[in-house]
Amino acid sequence: MCGIAGMLATDGPVGRLAGDLDGAARRMLDSIAHRGPDAEGVWADDRCLLAHKRLSIIDLDHGHQPMVNEDGRVAVAFNGCIYNYQDIARELRTLGHHFDTHSDTEVVLRAYLQWGPACVQRFNGMWGIVIRDGRDGTTFFSRDRLGIKPMYIAQVDGGVVFASEVKAILASGLFKGRTDTDGLRQYLTFQLTLGERTMFAGVRRLEPGTNLVIDREGRATTERYWDIAFGINHERTEDEWMDRLRFLLEDAVRLRMVSDVPLGSHLSGGLDSSALVGLARLALGDDAEIKTFTGAFGEGQAFDETRYAKEVAAQQKATYLETYLDERAFIDSIERIAWHMDYPEAGPGVFPQYWVSRLAADHVKVVLGGQGGDETFVGYARYLVAHLEACLRGSIRPGADRDSHANALRSLVGQLPTLEAYEPMMRGFFADGLFDEPAARYFRLMDRSAGSRRLFSADVAPDIETTFGEFEAIFNRHSDADAINRILYTDAKTHLPALLHVEDRTSMAWGLESRVPLLDYRIIELMASCPVSIKFREGRTKHLYRGAVRSMVPKSILERTDKMGFPVPLNQWMKGALGQYVRDVLLSSTAKARGLFQPEQIEAALENQGTFSRGIWGALCVELWHRRFIDQSASTKPAKISSVVAAS
């Protein structure tokens with residue numbers, strides 16, 4: 001896990017592109033120093049500069065980057081980890097390759113020399129890769145299948161600038177931050193951006209599962225080398241699906257235990273992280289130490305899952321470490337978090353995730369996380385809501401499959417009590433547009449614009465028609481798939497990238513490598529080929545997954561119905577110092593002069609409601625982003641955090 005930065009000139013020497021090439025490289029590296037505190041390197045040829053900050057995980061004494069082949073014409077800068085690198089190295093040796101290190105970086109380099117851009121098809125891992133090939137003047141970029149690791153590219157006069165974080169592009173001095181109004185519109189609708197778009201005009205992210213080649217003349221060719229496909233296999237029994245899933249889960253964790261530095265695991269007390277601790281114990285054996293890291297709040301059991309996490313740690317004989325977070329920590333750190341994020345994505349969960357990552361980084365350099373479990377194994381309650389409506393619609397409307405829908409509807413009865421907490425949401429959801437097309441209905445479930453529309457000025461308020469068209473194109477990319485699979489695909493392309501953005505930034509902020517075994521592409525492909533009637537049997541979330549991990553997770557975890565998702569007690573804090581902080585930011589002269597907000601509506605929301613709504617969260621994030629990245633130099637780091645949070 002590292003940080004990449006660099007630039008590519010397309011119509012002249014790279015030195016002409018940057019002017020002070022050394023100074024630009026230095027500023028870019030300094031801006032992402034947190035990603036790689038262990039080493040750094042810079043390499044350049046006549047057209048390309050590669051800069052790298054290293055977090056040393058495998059082959060600590062070697063494997064420094066950028067790494068260059070024997071004749072110095074092919075160089076790689078790599079961020080991530082290739083978990084099956086040893087298997088690939090063995091194959092390459094049979095093909096005549098000699099290795100000077102034991103690093104996965106050298107495997108990436110030599111795999112490219114052997115197979116070219118197609119080499120990524122052989123990788124099981126997470127990566128953002130840049131390879132400069134001086135033999136033909138091409139520059140190759142690649143991002144892993146699910147987009148676990150980032151890669152940003154910006155067009156500038158005479159070339160491109162690229163990096164693992166946007167702040168490094170800004171630090172180059174070749175690009176000035178400006179607001180992408182379409183990116184802002186998408187954020188105000190979903191609290192995320194879609195596809196390659198970011199909130200910076202002119203900065204695009206390489207999409208997951210995509211390669212980009214820029215040739216000697218500056219022509220760019222993009223290829224999607226992997227995508228989720230729903231070729232349903234109806235031959236396996238449920239037990240066979242469960243056995244195969246169990247095998248892949250064990251193997252995914254086994255691969256991700258490869259490390260030359262200490263390794264631990266996040267542990268929320270939910271099913272996914274609990275299962276990972278059990279799988280880690282299985283992979284390491286009974287005698288190995290496993291450190292687990294848990295975060296919580298002191299505002300009551302609705303914000304505290306430590307009782308479940310402690311039970312899992314005790315069962316697996318793991319070392320249990322926790323941190324309790326408070327209002328002061330939020331106020332003290334939110335601006336630094338905004339700087340690390342580059343631009344806002346997802347909800348307030350970024351705050352506790354940031355601090356739990358700090359706790360982990362105090363003890364290990366690699367940590368396992370359960371990201372992706374809900375999107376892969378059908379884990380969100382909204383899936384049940386959407387499925388319930390589809391079954392109702394199919395049972396009422398005439399058609400050949402009416403009886404099957406009616407049977408499915410009857411099978412859902414036992415799961416309906418799990419929706420008790422969602423009754424207020426469902427009341428509004430079913431009141432308007434019932435039985436519309438699936439894309440429109442799921443868009444309504446994901447639309448967060450109601451609060452934003454009131455708080456933001458008409459110039460930037462969400463354009464629902466345009467945004468729905470963009471969303472619908474993703475939703476219907478697999479138009480022949482079952483509605484639940486189209487929903488899962490949409491989440492994998494929209495919601496999951498936002499969560500992975502948070503995962504990357506909150507871990508790398510502390511020089512911590514986060515590995516997410518549940519997003520092993522083999523597991524994704526397996527679940528995509530599994531019939532919905534098995535993986536979501538009778539509307540039971542994570543049905544197949546629960547069966548696969550039941551022997552290693554306490555019964556109390558398997559049967560939990562109070563899914564929490566790391567909620568933050570912002571409403572309680574709004575009655576105190578947080579309320580004043582939010583008021584000071586959003587009603588400041590700076591915010592008012594920006595013209596993005598409707599101050600009277602902000603005032604009303606703070607006075608009359610006194611709650612920390614999604615709209616207020618979005619407004620706060622947008623204002624803090626503008627202050628840090630649009631109003632001033634992004635390379636200016638916020639003050640160092642001095643807050644101390646309780647840990648044991």
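This passage walks through the cores, a few strands and helices, and some unusual backbone spots of a predicted model.

Start with the nonpolar interior. The largest nonpolar core takes in 197 residues, and those with the most contacts inside it are Met-7, Phe-123, Leu-245, Leu-249, Phe-351, Leu-578 and Val-582. Helix α29 (residues 614-630) gives the most to this core, putting in 10 residues. There is also a second, separate core of 16 residues, with Ile-4, Leu-50, Ala-77 and Met-151 among its members. As background, nonpolar side chains tend to be buried together in soluble globular proteins.

Two of the well-connected core residues, Leu-245 and Leu-249, are also among the buried residues of helix α7. The helix covers residues 238-255, and its geometry checks out: 18 residues at 1.5 Å each should span 26 Å, and the end C-alpha atoms do sit 26 Å apart. Its buried residues are Trp-241, Met-242, Leu-245, Leu-248, Leu-249, Asp-251, Ala-252, Val-253 and Leu-255. An α-helix has 3.6 residues a turn, so residues three or four places apart point the same way. The buried residues of α7 have plenty of partners: they pack against α8 (271-284), β16 (366-368), α12 (373-377), α21 (521-529), α22 (532-535) and α23 (543-549).

One of those partners, α22, holds Ile-534. At 13% relative accessibility, Ile-534 counts as buried because the cut-off is 20%. Leaving out residues up to four places away in sequence, Ile-534 touches Arg-236, Glu-238, Trp-241, His-543 and Leu-544. Trp-241 from that list is one of the buried residues of α7. By contrast, Ile-534 and Ile-32 lie 502 residues apart in sequence and 45 Å apart in space, going C-alpha to C-alpha.

Next come the strands around β8. Strand β8 (residues 152-156) has 4 of its 5 residues buried, so the rest of the structure largely encloses this strand. With strand β9 (residues 159-163), β8 pairs in the antiparallel sense over 5 bridges. The two strands make a hairpin with 2 residues between them, and Gly-158 in the turn has a positive phi of about 95°. β8 also runs antiparallel to β10, to which 3 bridges join it. Ile-153 takes part in both pairings: its bridge partner in β9 is Phe-162, and its partner in β10 is Arg-204.

The residue that follows in β10 (residues 203-205) is Arg-205. Despite being an arginine, Arg-205 is buried, with a relative accessible area of 6%. Its side chain makes polar contacts with two other side chains, that of Tyr-343 at 3.3 Å and that of Glu-345 at 3.3 Å. Beyond its neighbours within four places in sequence, Arg-205 is in contact with Met-151, Tyr-152, Thr-193, Leu-194, Gly-195, Glu-196, Arg-197, Thr-198, Tyr-343 and Glu-345. Met-151 in that set belongs to the second core.

A few backbone oddities deserve a look. Just past Glu-345 comes Ala-346, whose phi is near 70°, a positive value in a residue other than glycine. Ala-346 is found in the loop between α10 (327-341) and α11 (350-361), and its relative accessible area of 16% makes this alanine buried. Phe-435 is another such case, with a positive phi of about 75° although it is not a glycine. Its place is the loop between α15 (423-431) and α16 (438-446), and Phe-435 counts as buried at 16% relative accessibility. Elsewhere, a cis peptide bond joins Gln-65 and Pro-66, with omega about -5°. Pro-66 is in the loop between β3 (48-54) and β4 (67-68).

Last, the cysteines. A search of the whole structure turns up 0 disulfides. Cys-81 is in no disulfide, and the nearest cysteine sulfur, that of Cys-2, is 9.7 Å away. A pair of sulfurs has to be within 2.5 Å to count, so that distance rules out a disulfide here. Cys-81 is buried, with a relative accessible area of 3%. Cys-530 is in no disulfide either, as the nearest cysteine sulfur, that of Cys-391, is 17 Å away. With a relative accessible area of 0%, Cys-530 is buried too.

Conventions:
Residues are numbered from 1 along each chain as its sequence is written. This is a predicted model: local features need pLDDT of at least 70, side-chain atom pairs count only at pLDDT 80 or more; totals for chains, interfaces and linings use all residues. Side-chain values use heavy atoms; hydrogens and water are left out. Buried means under 20% relative accessible area, exposed over 50%, partly exposed in between (1.4 Å probe, protein chains only). A polar contact is a pair of N or O atoms within 3.5 Å; within protein, one must be able to donate a hydrogen and the other to accept it, and residues adjacent in sequence count only if both atoms are side-chain atoms. Contact means heavy atoms within 4.5 Å. The expected span of a helix is 1.5 Å times one less than its number of residues. A nonpolar core is a set of buried Ala, Val, Leu, Ile, Met, Phe, Trp, Tyr and Cys residues joined through side-chain atoms within 4.5 Å. Two strands pair if DSSP finds at least two bridges between them.
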